[in-house]
Amino acid sequence: MTLQEVAAAVGVSAKTVSNAFSRPDQLSAALRERILATARRLGYPGPNPLAAGLRRGRVGAIGVAYDNGLSYAFDDPVAVALLAGVAAAAEPAGSGLLLVPGSSDPARRLAAVSDAVVDGLVVSSVGDDDPLLAAAIARGLPLVVVDQPRPDRLAALGAPTTPWVGVDDRAAAAAVAGHLLDLGHRRLAVVSFGMHQDPITPGLVDERAQAAATYAVTRDRLAGYRDTARRAGLDWAAVPVFHGGDSTPAVGEAGADAVLATDPRPTALLCLSDRLAEGALRAAARLGLRVPGDLSVAGFDDATTAAGLGLTTVRQPTREKGRAAGQALLDLLAGRPGPPPAALPAGLVVRTSTGPPA
């Protein structure tokens with residue numbers, strides 16, 4: 001059933017039928033009701049909203065593309081906070097959100113971005129070599145990047161004016177490492193995630209692999225830990241660094257098991273996220289280690305679960321990052337210039353999961 005067939009049945013023009021659905025002020029209430037009643041009788045649901053959006057050049061939706069699977073947006077508290085921030089900007093402007101998740105299948109990964117029916121894209125935390133970002137740039141849609149890649153990498157990819165929102169991960173990581181060193185710890189270990197676009201086998205990784213990570217957040221946080229340790233005279237090569245595939249408690253638990261099995265056993269764990277730290281706390285409890293008496297554990301993010309865990313961490317304004325990114329994209333859609341790269345403040349939050357070594 002088409003709009004034209006409804007028009008023929010009522011005896012009016014196709015434009016009049018269209019107005020009955022989209023511009024009711026253009027015709028009388030009686031005529032509109034006659035058209036709608038005929039449409040219901042014939043089984044016509046109304047104009048195709050996708051086609052109407054394409055005609056207008058706007059579909060009323062912002063795409064949020066990210067590296068993980070669809071469920072990650074609902075399971076990870078940091079992802080939830082970021083999306084809430086984007087939504088806080090989009091909602092007053094009458095825009096919806098379309099989630100564009102990653103996939104291990106390269107073809108599906110590219111199609112998700114290439115086929116997304118959106119007015120613009122917020123791309124959150126993808127690797128420097130991720131084809132998802134290249135596909136987003138190739139579409140020529142208004143684009144904003146959260147966290148990574150960094151502005152210098154965006155310039156190298158041909159998107160030098162793309163707005164970027166994030167934090168100074170290197171400085172923030174240095175602060176939390178410095179906190180542990182100030183407490184007297186000298187046997188550190190690290191539980192990391194997200195080093196390469198193509199997953200590598202989880203396990204301990206050397207400094208060369210750390211520096212070659214294709215995820216800027218991973219590189220910078222590891223560099224912040226390394227800078228601080230070396231300033232304190234520690235041999236970074238002797239610090240066990242575990243890399244897991246994702247930022248989940250299961251990976252954090254496996255990573256803690258791996259580094260705590262090294263000799264001498266570390267007295268403090270630096271975890272690249274609060275989700276990893278949550279798993280590390282589980283491992284410590286299972287191994288009978290007191291936190292912080294036997295083992296100090298620090299995270300990164302200050303997720304909504306961190307305070308309940310008593311977790312020392314880095315607080316970053318995740319919701320504000322989302323809101324700033326969403327607003328930057330709305331500015332681009334309105335023809336206004338995007339803001340310059342903005343590093344939002346992040347700072348150390350000390351709780352009960354860290355203390356002096358035994």
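Among contacts in the protein between residues at least 6 apart in sequence, what percentage join residues at least 24 apart? In this predicted model, the figure is 68%. The chain has 358 residues, and 50% of them are buried. Its secondary structure comes to 16 helices and 13 strands. Taken along the principal axes, the C-alpha atoms fill a box of roughly 90 × 40 × 35 Å.

A good place to begin a tour is the interior. The largest nonpolar core holds 45 residues, and those touching the most other members are L188, V190, Y225, L269, L270, C271 and V297. Helices and strands both feed this core: the elements giving two or more residues to it are the helices α10 (169-182), α12, α13 (249-260) and α14 (274-286), together with the strands β6 (188-193), β8 (241-244), β9 (268-271) and β10 (296-298). Another core lies apart from it, with 21 residues, among them A73, A89, L330 and L333. In soluble globular proteins, nonpolar side chains tend to be buried together.

L188 offers a handy view of how the parts of the chain meet. Once neighbours within four places in sequence are set aside, L188 is in contact with L180, L181, L234, V239, P240, P266, A268 and L270. L188 also belongs to the lining of the second largest pocket, and so do L234, V239, P240 and P266.

Turning to the pockets, the largest one encloses about 920 Å³ of space. It is lined by 45 residues, of which D67, N68, S125, Y215 and D246 are the closest to its centre. By class, this lining divides into 17 nonpolar, 18 polar and 10 charged residues. Several elements each supply at least two of the lining residues, namely β1 (61-66), α5 (72-75), α6 (77-90), α7 (106-114), α12 (216-231) and α16 (318-333). Helix α6 gives the most, with four residues. Helix α12 has a part in two settings, since it supplies at least two residues to the lining of the largest pocket and two or more to the largest nonpolar core.

The second largest pocket has a volume of about 160 Å³. The residues that line it are R186, R187, L188, L234, D235, A238, V239, P240, T262, D263, P264 and P266. Seven of these lining residues are nonpolar, one is polar and four are charged.

Towards the start of the chain, helix α2 (residues 14-22) shows how a single helix can be placed against its neighbours. Its buried residues are V17, N19 and A20. Viewed down the axis of α2, these buried residues fall within an arc of 160°, so they line one face of the helix. An α-helix has 3.6 residues a turn, so residues three or four places apart point the same way. The buried residues of α2 pack against α1 (3-10) and α3 (29-42).

Some details of the backbone also deserve a look. The peptide bond from Q148 to P149 is cis, with omega near 0°, and P149 lies in the loop between β4 (143-146) and α9 (151-156). A cis peptide bond also joins V291 and P292, where omega is about 10°. P292 sits in the loop between α14 and β10.

Further along, the loop between β10 and α15 (306-309) contains D301, and D302 is placed in the loop between β10 and α15 too. D301 has a positive phi of about 130° although it is not a glycine. D302, likewise a residue other than glycine, has a positive phi near 55°. What are the relative accessibilities of this pair? D301 counts as buried because its relative accessibility is 7%, below the cut-off of 20%. D302 is buried as well, with a relative accessible area of 18%.

G233 gives a contrasting picture of a loop residue. It lies between α12 and β8 and is exposed, with a relative accessible area of 62%. From C-alpha to C-alpha, G233 and P339 are 40 Å apart in space, and in sequence they are separated by 106 residues.

How values were computed:
Residues are numbered from 1 along each chain as its sequence is written. This is a predicted model: local features need pLDDT of at least 70, side-chain atom pairs count only at pLDDT 80 or more; totals for chains, interfaces and linings use all residues. Side-chain values use heavy atoms; hydrogens and water are left out. On a 1 Å grid over the protein atoms alone, a cavity is a set of points where a 1.4 Å probe fits but cannot get out, and a pocket is an open set with protein on both sides within 12 Å along at least five of seven lines; lining residues have an atom within 4 Å of a point. Grid points are joined across faces, edges and corners, and a volume is the space filled by probe spheres set on the points. Ala, Val, Leu, Ile, Met, Phe, Trp, Tyr, Cys and Pro count as nonpolar, Asp, Glu, Lys and Arg as charged, and the others, Gly among them, as polar. A nonpolar core is a set of buried Ala, Val, Leu, Ile, Met, Phe, Trp, Tyr and Cys residues joined through side-chain atoms within 4.5 Å. Buried means under 20% relative accessible area, exposed over 50%, partly exposed in between (1.4 Å probe, protein chains only). Contact means heavy atoms within 4.5 Å. The arc is that of the directions from the helix axis to the C-beta atoms.
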